[in-house]
Amino acid sequence: MATTTAAISLTSDLLSDALSVSTTTTCMKAGTTADGLDQMDTGYIEIPTGDVYDILSLQTSDTQIDKANKVYICNESTDETYYVSVTVKAEVIGRLYAGDWMFIPWGAEHADSDIGLESSTGTNKITYTLFHEGRTLLAS
Amino acid sequence: MATKATITLSSDIMPNYGGYSKEMTMTKAGALTDIEETTGFSRRKLAATTAVDLITMADASLLLETADSTSAKVYVQNVGDGKGTIDKSTYVTISIGDTGGTPQPIGRLYGGDWLLMPVTGADNKDVVATPSTNDAVVLEYVMFFEV
């Protein structure tokens with residue numbers, strides 16, 4: 001079985017007592033305890049201003065739909081005023097500022113549940129990785 | 001007053017993939033100033049397939065309302081039934097929107113899974129949780145945000 005783990009350490013001193021949370025999850029295929037995600041796509045891309053660009057997109061009846069995909073996205077830009085708006089199915093969910101990362105399950109409930117990024121200022125440098133259990137390939 | 005999150009990814013799927021580790025310090029929008037507000041760490045038990053607002057952006061229970069479209073991050077983990085049993089075959093769908101409308105699904109948190117993502121803080125962009133079964137499931141969550 002392929003094994004992919006995602007660990008987080010979250011600390012904050014905003015509260016009167018320090019908050020410290022650490023956990024690790026093993027990324028499994030949808031609904032199973034016996035088989036881990038076994039495929040991945042990873043990349044580094046520059047996102048210019050001017051439009052929403054899909055970095056992860058689906059095909060009709062894609063085998064990724066309704067699965068336990070996991071997505072990591074990081075804005076590697078260094079200018080703190082830079083950010084990208086993250087969209088799922090064209091709905092803005094939040095902003096990734098320079099240096100920020102996110103890790104989410106991507107259920108990909110519909111064929112148009114693409115993940116898109118729109119740069120606000122300048123060209124943002126993005127790294128991303130998708131862990132999944134197979135996707136529909138396009139014949140050439 | 002710093003809030004930091006470090007992710008470490010490891011995988012043997014792809015040959016020569018060396019894994020990944022990244023630390024993020026949560027800052028205010030477009031600045032190097034640390035984020036100063038939080039909901040505090042919370043725990044909520046759900047036992048029905050009904051969609052519920054896990055975090056309501058306009059809710060006074062936040063004490064300080066989030067500023068729209070600034071810098072805010074949400075962490076959520078599915079910790080199983082809260083009694084030590086973690087079921088990888090059931091899940092909670094996390095969405096962004098309003099339970100009175102049609103929230104946009106983000107993805108499924110199976111037992112033990114966690115997420116950390118940015119949110120806008122806009123009033124109609126609540127964090128919504130919808131369990132896949134009527135079995136008890138506990139979510140632990142926290143939001144860091146600006147006002």
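Two strands count as paired here if DSSP finds at least two bridges between them. With that in hand, take B:Ser42, which sits opposite B:Tyr141 in S11(B). This is a predicted model of a complex with chains A and B, and the predictor gives the complex an ipTM of 0.95 and a pTM of 0.95. Below is a quick tour: confidence, the two chains, the strand S11(B), and then the contact between the chains.

**How far to trust it**
- Chain B has an average pLDDT of 92, and 96% of its residues score at least 70.
- Within chain B, the lowest confidence falls in S3(B), with a mean of 91, while the highest is in S9(B), at 98.
- As a rule of thumb, predicted coordinates should not be read in detail where pLDDT is low.

**Chain B on its own**
- Chain B has zero helices and 11 strands, so the pattern along its sequence reads β-β-β-β-β-β-β-β-β-β-β.
- The radius of gyration of chain B comes out at 16 Å, close to the 15 Å that the globule rule gives for 147 residues, so chain B is as compact as a globular protein of that length.
- Along the principal axes, the C-alpha atoms of chain B fill a box of roughly 45 × 40 × 25 Å.
- Some 43% of the 147 residues of chain B count as buried.
- Take the contacts in chain B with a separation of 6 or more: 73% of them are between residues 24 or more positions apart.

**Strand S11 of chain B and its partners**
- S11(B) covers residues 137–145 and is mostly covered itself, with seven of its nine residues buried.
- S3(B), residues 37–38, runs antiparallel to S11(B) and is joined to it by two bridges; here B:Thr38 stands opposite B:Phe144.
- S4(B), residues 42–46, pairs with S11(B) in the antiparallel sense over five bridges, and this is where the B:Ser42 and B:Tyr141 match from the opening belongs.
- S6(B) also pairs with S11(B) in the antiparallel sense, over six bridges.
- B:Val76 stands opposite B:Tyr141 in S11(B), and B:Tyr141 is also the residue that faces B:Ser42.

**Chain A on its own**
- Chain A has zero helices and 10 strands, running β-β-β-β-β-β-β-β-β-β from the N terminus on.
- The C-alpha box for chain A, taken along the principal axes, is roughly 45 × 40 × 25 Å.
- Buried residues make up 42% of the 140 residues in chain A.
- For chain A, residues 24 or more positions apart account for 72% of the contacts with a separation of 6 or more.

**Where the chains meet**
- On the chain B side, 50 residues are in contact with 50 residues of chain A.
- The elements of chain B that give two or more residues to this side are S1 (3–11), S2 (20–25), S6 (73–78), S7 (91–97), S8 (104–110) and S9 (114–118).
- S1(B) gives the most to the side that touches chain A, with nine residues.
- By residue type, the side of chain B that touches chain A splits into 26 nonpolar, 17 polar and seven charged.
- S1(B) also pairs across the chains: strand S1 of chain A (residues 4–12) and S1(B) run antiparallel over nine bridges.
- One residue pair to look up there is A:Ala6, whose bridge partner in S1(B) is B:Leu9.

Methods. Residues are numbered from 1 along each chain as its sequence is written. Chains are lettered from A and ligands numbered from 1 in the order in which they are written. This is a predicted model: local features need pLDDT of at least 70, side-chain atom pairs count only at pLDDT 80 or more; totals for chains, interfaces and linings use all residues. Two residues are in contact if their C-beta atoms, placed from the backbone, lie within 7 Å. Helices (H or I, at least four residues) and strands (E, at least two) are DSSP runs, numbered from the N terminus. Ala, Val, Leu, Ile, Met, Phe, Trp, Tyr, Cys and Pro count as nonpolar, Asp, Glu, Lys and Arg as charged, and the others, Gly among them, as polar. The radius of gyration is taken over C-alpha atoms; the globule rule is 2.2 Å times the number of residues to the power 0.38. A residue is buried if 20 or more other C-beta atoms lie within 10 Å of its own, exposed if 12 or fewer, and partly exposed in between; C-beta atoms are placed from the backbone. pLDDT is the predictor's confidence in each residue, from 0 to 100.
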